[in-house]
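Student: I would like a close look at one part of this predicted model. Could you take me through a helix and its packing partners, and then say a little about the pocket?

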Amino acid sequence: MIRPALLSLALLIAPQAHALTPVEAAAQNMQLAMTICFQSYQDHDSIHGKLLNAGFVHEPETWSAGEVFNWYIAPARTATVLVLGQNGETECRVTTDLFGVAEALPFARAVIDQLYTDEIVDGSPEGQNIRPGSPEAQDEFCSGFHLYAPRRLIWIALARAGNDGTCISDGTASILMRM
């Protein structure tokens with residue numbers, strides 16, 4: 001009789017598991033995708049396998065010219081990843097519609113800061129430093145930041161989700177990792 005009472009008491013006292021909010025889930029899935037892309041940028045097959053192992057669903061899209069866009073959808077559709085590239089170049093676009101560019105810029109920097117300990121330079125490799133709210137933001141990507149990983153320039157730029165590539169914070173974000 002004492003054991004069931006102790007078990008009930010222990011269950012009441014034990015910390016309750018925290019269910020992730022959609023924004024927290026999006027951030028977690030985006031961080032995971034960015035990490036996989038950053039660590040495996042020289043090997044598309046490795047990116048593919050790691051995203052699948054992480055629970056992303058592969059949805060390839062074939063265009064009329066035969067070009068294949070490799071889309072990966074995160075659990076609960078909190079984020080999407082588009083992996084492009086050939087001839088040793090990779091671009092990963094990690095996108096969500098659960099938070100905007102203004103939040104994504106420091107988020108992306110924090111993720112890369114955990115993965116790369118050498119110097120990270122603000123702005124594009126060409127020296128632009130476009131931020132949300134600046135006049136250029138209406139027509140350009142957010143410049144983000146860049147770094148020189150072994151044998152490769154990596155540029156992380158941001159834009160709102162969709163195809164227009166502008167640095168406008170509308171509640172959506174696309175983090176572009178060009179390697």
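Tutor: Happy to; here is a walk through helix α2 and its two neighbours, followed by the largest pocket. Please keep in mind throughout that the model is predicted.

Let's start with the pairing of α2, residues 22–39, and α4, residues 101–115. The axes of these two helices come within 10 Å, and they cross at roughly 45 degrees. An angle of that size makes α2 oblique to α4. As for handedness, α2 and α4 cross in a right-handed sense. On the α2 side, the residues that take part are A27, M30, Q31, M34, T35, F38 and Q39, and they meet F107, A108, V111, I112, Q114 and L115 of α4. Sorted by class, this contact of α2 with α4 holds nine nonpolar and four polar residues, with no charged ones.

Now turn to the other partner, α3, which covers residues 44–53. Here the axes of α2 and α3 lie 9 Å apart, and the packing angle is about 155 degrees. Angles over 145 degrees count as roughly antiparallel, and α2 and α3 are therefore roughly antiparallel to each other. The crossing of α2 and α3 is right-handed. In this contact, A33, I36 and C37 of α2 meet I47, K50 and L51 of α3. The classes in the contact of α2 with α3 are five nonpolar residues, one charged and no polar.

With the helices in place, we can move on to the pocket. The largest pocket encloses about 300 Å³ of space. Its lining is made up of 16 residues, and those closest to the centre of the pocket are W71, L82, R93, G162 and N163. Several strands contribute to this lining: β2 (68–73), β4 (91–96) and β8 (173–178) each provide at least two of its residues. Taken by class, the lining of the largest pocket comprises eight nonpolar, five polar and three charged residues.

To bring the helix part together: α2 is oblique to α4 and roughly antiparallel to α3. Neither the α2–α4 contact, with no charged residues, nor the α2–α3 contact, with no polar residues, includes every class.

Terms used
Residues are numbered from 1 along each chain as its sequence is written. This is a predicted model: local features need pLDDT of at least 70, side-chain atom pairs count only at pLDDT 80 or more; totals for chains, interfaces and linings use all residues. Side-chain values use heavy atoms; hydrogens and water are left out. On a 1 Å grid over the protein atoms alone, a cavity is a set of points where a 1.4 Å probe fits but cannot get out, and a pocket is an open set with protein on both sides within 12 Å along at least five of seven lines; lining residues have an atom within 4 Å of a point. Grid points are joined across faces, edges and corners, and a volume is the space filled by probe spheres set on the points. Helices (H or I, at least four residues) and strands (E, at least two) are DSSP runs, numbered from the N terminus. Ala, Val, Leu, Ile, Met, Phe, Trp, Tyr, Cys and Pro count as nonpolar, Asp, Glu, Lys and Arg as charged, and the others, Gly among them, as polar. Axes are lines fitted to C-alpha atoms, for helices over the stretch in contact, and angles run from 0 to 180 degrees between N-to-C directions. Angles under 35 degrees count as roughly parallel, over 145 as roughly antiparallel, 65 to 115 as roughly perpendicular and the rest as oblique. A crossing is left-handed if the near helix is turned anticlockwise from the far one by less than a right angle, and right-handed if clockwise. Contact means heavy atoms within 4.5 Å.
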